[in-house]
Amino acid sequence: MSRLALINEFFGQPPNASEHGYQIDHILEFCHWFMGALFVGWLVFFLYVLFRYHRSRHPVADHEGVTSGISTHLEFVVVLIEAVLLIGFAVPLWAKRVNQFPETRDAILVHTVGQQFNWTHHLPGPDGIFGRRDLNLVSNSNPLGLDNNDPAAKDDIVVPGELHVPVNRSVIIELSSKDVIHNFCLPHMRIAQDAIPGSIIPMWFKPIKVGTYEVICGQLCGLGHYSMKGSVVVDTPEDYQAWLKERAEMAAQSQAAPPPPTPGSSPGTVPPPGAPNPANQAAPPAGNQPAPSPSASPG
Ligand SMILES: [Cu+2]
């Protein structure tokens, strides 16, 4: 990290842990220094004007005003720099985030649902297919309304609060909300996305550092908003498989009649990068963005 980047740390930016994060950090760094320079520049100018045109020196107002063109030129330069920042850097970075999703067969796909005041994650389990969810089935013990009569739901994993993902693999999170607008914000991953009732909105990032990272709700969503926290644990691939296996076993135990294991897959495994994913074969292709499954209604 360059010495200049310390300005991000100074303003409380946590260390980056995602593949694209350094690009956002560079823009932030530049913006902070640029705004700092403007602040100092304007402050000096303001003080100069206060003393230079004090009432004792200029008892009568000058109605002609400034005749020099220097301020016009300066402002043009400022606008030009801001336009380059916005059009040249910020918009392309944002466009990549929302238009260029990774192949779903290479990524970990998770459905995440916000509610006052926690996050619940839904993983498809060994079969790679998300089970049906139904608003009418929502209860305290079934926060997402997962339909246990749906064969695809039998091995599904539902975890509150803490989501595990493997390092160096893209994660696509399809976000929704059960009540009000929340925002799934991962400061260390330099990504945030609103969770809106009635919509399923995808977001993606690629974690590059093993560790535990805070998830916060980025929208003021009610009295308990301050407590709406969770975590994303970035595991090594081995630890991730162990976590999945443990979760899949817990899910199987909670079912009255556990389903026979899918041929070719042991409990809790996910297809390796590039392998065909049964979930993708079942669903028709839908451009770059992962198609929101019609069965996965936001609870
Ligand atoms: Cu919230």
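**View 1. Ser170 and the residues it touches.** Leaving aside residues up to four places away in sequence, Ser170 touches Pro102, Asp106, Ala107, Trp204 and Lys206. Keep in mind while looking around that this is a predicted model. Ser170 itself sits in a loop, with β4 (162-166) on one side and β5 (171-177) on the other. Is Ser170 buried, exposed or partly exposed? It counts as partly exposed, because 19 C-beta neighbours fall inside 10 Å, while being buried takes 20 or more.

**View 2. Ser170 and Glu19, a pair brought together by the fold.** Follow the chain from Glu19 to Ser170 and you'll travel 151 residues in sequence. In space, though, their C-alpha atoms are just 9.3 Å apart. Contacts across long stretches of sequence turn up throughout the protein chain: among contacts with a separation of 6 or more, 70% link residues 24 or more positions apart.

**View 3. An open sheet of five strands.** Here the strands line up in the order β4-β10-β9-β6-β7, and their pairing is mixed. Which strands stand at the edges? Those are β4 and β7 (191-195), each with a single partner strand, so one side of each has no neighbour in the sheet. Going from one strand to the next, the twist averages 25 degrees.

**View 4. A closer look at β6 and β9.** Strands of a sheet pair through backbone hydrogen bonds, and they can do so in parallel or antiparallel fashion. For β6 (residues 182-186) and β9 (residues 211-217), the pairing is antiparallel, over two bridges. Zoom in on Phe184 and you'll find it opposite Cys217, which belongs to β9.

**View 5. Helix α4 against the sheet.** Which strands does helix α4 touch? Helix α4 (residues 237-254) packs on the sheet and touches β4 and β10 (229-235). Compare the directions of α4 and β4, and you get an angle of about 135 degrees.

**View 6. The whole chain, and where to be careful.** Zooming out, the protein chain has 299 residues, of which 28% count as buried, and its secondary structure comes to five helices and 10 strands. The average pLDDT is 82, with 83% of the residues scoring at least 70. Where does pLDDT stay under 50? One such stretch is residues 256-269, where the model has 23 contacts beyond four places in sequence. Another is residues 277-299, with 54 contacts of that kind.

Conventions:
Residues numbered from 1 in each chain as written. Predicted model: local features only at pLDDT ≥ 70, side-chain atom pairs only at ≥ 80, totals over all residues. pLDDT = per-residue confidence, 0-100. Contact = placed C-beta atoms within 7 Å. Helix = DSSP H or I, 4+ residues; strand = E, 2+ residues; numbered from the N terminus. Buried ≥ 20, exposed ≤ 12 C-beta atoms within 10 Å, placed from the backbone. Pairing = 2+ DSSP bridges. Axes fitted to C-alpha atoms, helices over the stretch in contact; angles between N-to-C directions.
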